[in-house]
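Visitor: I should like to understand how the descriptive terms applied to a model are justified. Could you take me through the reasoning?
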Amino acid sequence: MVEQSNDTTAVTLPEGTELLERLMSLCKRRGFVYQNSEIYGGVAGLYDFGPLGVEMRRNLKNLWWTYMVQTRDNVVGIEGAILTHPRVWEASGHVENFSDPLVDCKSCRRRFRADHLVEANGGVMPRVCPECGGELTEPRRFNLLMETELGVVEGERMKTYLRGEACQNIYLDWDNVMKSSRVRIPFGICQIGKAFRNEVTLGPYIMRQREFEQWDLQFFVHPNEMERWFAYWQEERSTWCRSLINRAERVRLRPHAQDELAHYAKRATDIEYEVPGMGWKEWEGIHWRGDWDLRRHGEFSGQDLSYTDPVTNERYIPWIVEASGGVDRTFFYLLVDAYDEEIVNGEKRTVLRLHKKVAPYKVAVLPLSKKPELTEPARAIWRTLAPLFTTEYDETQAIGRRYRRQDEIGTPYCVTFDFQSLEDQAVTIRERDSMTQRRVPIADLPAILVQDLA
Ligand code: ATP
């Protein structure tokens, strides 16, 4: 066994840009996130996810789905196409209203969102560019929808849009879901899917991208019940966000002021996360969409999207509470929350203290040396564990360095097979956060890990 006793000292953690730089470096070095099209110089606001990133995203999406759909008897899911009929975006109000106020600097040509400049400047619009001091243009509206075309014959192609928000499919399918399943109001429809926006201000990092993934709940209620469900989903969603992080005090609910409401919302509350050195940022939005969506799609399509209560026969257009969040933004905040550094026995240890259910790998199996008498039984252990949870096998480098690597990618448990294991048929389990080690019989290992990771 190694690292029997550890002399650990806390260090002051980086904040703001420095924290971002360290995270970005870790994410690239270890295979969480890459710049998209990097070999061509990259494209701003587009990212790819590497082997660890994809595991973590799958975990996040599964956790969300379990919490929002699988464990509720009044919520079902759909998966809609990214492309839709172009009228959808007229009905939704996005063609007309989905825009940000934009200003340009006349000297350095940089672009800014006017509302971001106001926020950074204590509530008033600055007169000059924050980067170079040059003169700024008047704010102009800039539509965020990305256009594309459907069809093959030149001249007969239909202009449409990549969806600017994933949730529209839910309104388009709501009548079909109602008729094809046993749901009755109040009920919800969930979806996870990509959305696309020509954002004016990108970043920081993956927080605001041009292509990203959203998870949405649209919850359909009787208008008289709206207040109750609006409060209910604020509580549910913020509780879920807090349950995944180490510092729950970095989450708060912030009701929107009237002048920041989206065109479809009568009221809204943001769940916000406090990024160290950057302040409070939106994590998810809980929106009071009322009857806006079904009424507009009813009008534009000519279809009746109203609901008839099977008991009272009352006919009405349901109102909607929306809980809309981002997979990428959650991914980013969880990395920020998990990032930690400390000095252990005189050396810096970087550790991602990720929630066990979020961590890309749950277990790493490490033979103490590369000798076949150790690697072969260690591989056999890997083969037993791999169907149960994401498990990495690693035999390169000294054991101490392999532990550090697993710490840095947030693996909760390392299982070490050493020479003693050949004698006692036992292995060491080392825990990521405390670095404590315990010896367990190989025969009991799967059951112990299943329990610890539950
Ligand atoms: P922001 O102004 O903070 O970019 P928004 O108010 O435009 O966000 P919504 O339209 O309410 O965001 O979208 C719901 C959620 O989708 C957001 O809370 C966020 O988690 C995520 N999201 C929105 N835009 C982006 C983006 N460009 N990149 C990554 N995630 C996004």
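Guide: The following exchange sets computed values against the criteria behind each term. The model is a predicted one.

Visitor: How is the protein chain described overall?

Guide: Its secondary structure comes to 13 helices and 24 strands. The C-alpha trace spans about 75 × 65 × 50 Å along its principal axes. Of the 454 residues in the chain, 34% are buried. Among contacts with a separation of 6 or more, 65% join residues 24 or more positions apart.

Visitor: Which domains does the domain assignment give?

Guide: It gives domain 1 (33-90 + 144-335), domain 2 (99-143) and domain 3 (361-454). The centres of domain 1 and domain 3, taken over C-alpha atoms, are separated by 39 Å.

Visitor: What makes a set of residues a nonpolar core, and which residues have the most contacts inside the largest one?

Guide: The term requires buried residues of the nonpolar kinds, joined through C-beta atoms within 7 Å. The largest such core has 56 residues, and Phe331, Leu334, Val363, Val365, Ile381 and Val415 have the most contacts inside it. Helix H9 (residues 327-338) supplies the largest share, 7 residues. Domain 1 (33-90 + 144-335) and domain 3 (361-454) each contribute at least three residues to this core. There is also a second, separate core of 35 residues, which includes Ala195, Trp229, Trp319 and Ala323. In soluble globular proteins, nonpolar side chains tend to be buried together.

Visitor: What is Val365 in contact with, leaving aside its neighbours within four places in sequence?

Guide: Val365 is in contact with Ala378, Ile381, Trp382, Leu385, Thr391, Tyr393 and Val415, once those neighbours are set aside.

Visitor: Why are H6 and H8 called roughly perpendicular?

Guide: The axes of helix H6 (residues 168-180) and helix H8 (residues 292-301) cross at roughly 75 degrees and come within 10 Å. Angles of 65 to 115 degrees count as roughly perpendicular. The two helices, H6 and H8, therefore receive that description.

Visitor: Which residues meet where H6 and H8 are in contact, and what are their classes?

Guide: Tyr171, Leu172 and Trp174 in H6 meet Asp293, Leu294 and His297 in H8. By class, the contact has 4 nonpolar, 1 polar and 1 charged residues. The buried residues of H8 are Trp292, Asp293, Leu294 and His297. Their cover includes helix H3 (87-91), H6, strand S14 (279-290) and strand S17 (319-326). Just after H8, Gly302 takes a positive phi of about 75 degrees.

Visitor: How do you know whether Cys108 is buried or exposed?

Guide: A residue is exposed if 12 or fewer other C-beta atoms lie within 10 Å of its own. Cys108 has 11 such neighbours and therefore counts as exposed. Cys108 is placed in the loop between strand S5 (99-104) and strand S6 (111-113). Leaving aside neighbours within four places in sequence, Cys108 is in contact with Cys129, Glu131, Cys132 and Gly134. The C-alpha atoms of Cys108 and Ala265, 157 residues apart along the chain, are separated by 36 Å.

Visitor: What makes Gln397 exposed and Met435 partly exposed?

Guide: Gln397 has 12 other C-beta atoms within 10 Å, so it is exposed. Burial requires 20 or more, and counts between the two limits give partly exposed. Met435 has 19 C-beta neighbours inside 10 Å and therefore counts as partly exposed. Gln397 lies in the loop between strand S21 (391-393) and helix H11 (399-408). Met435 is in the loop between strand S23 (426-431) and strand S24 (437-441).

Visitor: Why might a positive phi or a cis peptide bond be singled out?

Guide: Most residues other than glycine have a negative phi, and most peptide bonds are trans. Gln397, which is not a glycine, has a positive phi of about 70 degrees. In Met435, also a residue other than glycine, phi is positive and near 60 degrees. The peptide bond from Ile185 to Pro186 is cis, with omega near 5 degrees, and Pro186 is in the loop between H6 and strand S10 (187-196). A cis peptide bond also joins Gly203 and Pro204, where omega is about 0 degrees. Pro204 is placed in the loop between S10 and strand S11 (211-221).

Key:
Residues numbered from 1 in each chain as written. Predicted model: local features only at pLDDT ≥ 70, side-chain atom pairs only at ≥ 80, totals over all residues. Helix = DSSP H or I, 4+ residues; strand = E, 2+ residues; numbered from the N terminus. Domains from an automatic or database assignment. Contact = placed C-beta atoms within 7 Å. Axes fitted to C-alpha atoms, helices over the stretch in contact; angles between N-to-C directions. Parallel < 35°, antiparallel > 145°, perpendicular 65-115°, else oblique. Nonpolar A, V, L, I, M, F, W, Y, C, P; charged D, E, K, R; others polar.
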